[in-house]
Amino acid sequence: MARLLPADFDLGRLQKSEQRVCQSFLDALDDTWVLVPNLCLQERGDAEIDVLLVSPTHGAIAVEVKAVVALR
């Protein structure tokens, strides 16, 4: 299981789509991976990485999560 950084980050603060993606990564990746959700890139907070995955052997992967809305 991947590690969350910070360890006490509340995934409930995220949008539902981001929660599902983060939980999937946490469950599927081994403990060499670190998952950093909701990483702000600027002090004003107007730019962020939804999920940053970091591995000592695979490098870093930035993930942008987009929600799919079903039309009825």
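This is a guided tour of a predicted model, moving from its strands to its core, its cysteines and a few side-chain contacts.

**The strands**

Begin by selecting residues 48-55, which make up strand β3, and then add residues 59-63, which make up strand β4; the two strands pair in the antiparallel sense over five bridges. With three residues between them, β3 and β4 form a hairpin. To follow the register of this pairing, display Val-51 and look across to β4, where Val-63 stands opposite, and then move to Leu-53, which stands opposite Ile-61 of β4.

Next, add residues 34-40, strand β2, which pairs with β3 in the antiparallel sense over six bridges. Here a useful pair to pick out is Leu-39 and Ile-49, the latter being the bridge partner of Leu-39 in β3.

With these strands on screen, how many residues of β3 are buried? Six of the eight are, so β3 is largely enclosed by the rest of the structure.

**The nonpolar core**

Now select Leu-4, Leu-11, Cys-22, Leu-26, Leu-35, Val-51 and Leu-53 together, because these are the residues that touch the most other members of the largest nonpolar core, a set of 14 residues. Helix α1 and strand β3 each supply at least two residues of this core.

Within that selection, centre the view on Leu-4 and show its surroundings: leaving aside neighbours within four places in sequence, Leu-4 is in contact with Phe-9, Leu-11, Leu-26, Leu-35 and Pro-37.

**The two cysteines**

Stay with the core selection and pick Cys-22, then add Cys-40 for comparison. The count of disulfides in the model is zero. For Cys-22, which is in no disulfide, the nearest cysteine sulfur is that of Cys-40, 14 Å away; Cys-40, likewise, is in no disulfide, and its nearest cysteine sulfur is that of Cys-22. Is Cys-22 buried or exposed? Cys-22 has a relative accessible area of 0% and is therefore buried, whereas Cys-40, at 48% relative accessibility, counts as partly exposed.

**Gln-19 on helix α1**

Select residues 16-28 to bring up helix α1, and within this helix highlight Gln-19. If you show the side chain of Gln-19 together with the backbone of Leu-11, you will find that the side chain reaches the backbone oxygen of Leu-11 at 3.5 Å. Not counting residues up to four places away in sequence, Gln-19 touches Leu-11, Gly-12 and Leu-14. Leu-11 was also in the earlier core selection, as one of the residues with the most contacts to other members.

**The salt bridge**

For the last stop, which side chains meet in a salt bridge? Select Lys-66 and Glu-64, whose side chains meet at 3.2 Å, taken from N to O; a search of the whole structure finds one salt bridge. If you colour the two residues by accessibility, Lys-66 appears as exposed, with a relative accessible area of 63%, while Glu-64 is partly exposed, with a relative accessible area of 48%.

Terms used:
Residues are numbered from 1 along each chain as its sequence is written. This is a predicted model: local features need pLDDT of at least 70, side-chain atom pairs count only at pLDDT 80 or more; totals for chains, interfaces and linings use all residues. Side-chain values use heavy atoms; hydrogens and water are left out. A salt bridge is a side-chain nitrogen of Lys or Arg within 4 Å of a carboxyl oxygen of Asp or Glu. Buried means under 20% relative accessible area, exposed over 50%, partly exposed in between (1.4 Å probe, protein chains only). Two strands pair if DSSP finds at least two bridges between them. Helices (H or I, at least four residues) and strands (E, at least two) are DSSP runs, numbered from the N terminus. A polar contact is a pair of N or O atoms within 3.5 Å; within protein, one must be able to donate a hydrogen and the other to accept it, and residues adjacent in sequence count only if both atoms are side-chain atoms. Contact means heavy atoms within 4.5 Å. A nonpolar core is a set of buried Ala, Val, Leu, Ile, Met, Phe, Trp, Tyr and Cys residues joined through side-chain atoms within 4.5 Å. A disulfide is a pair of cysteine sulfur atoms within 2.5 Å.
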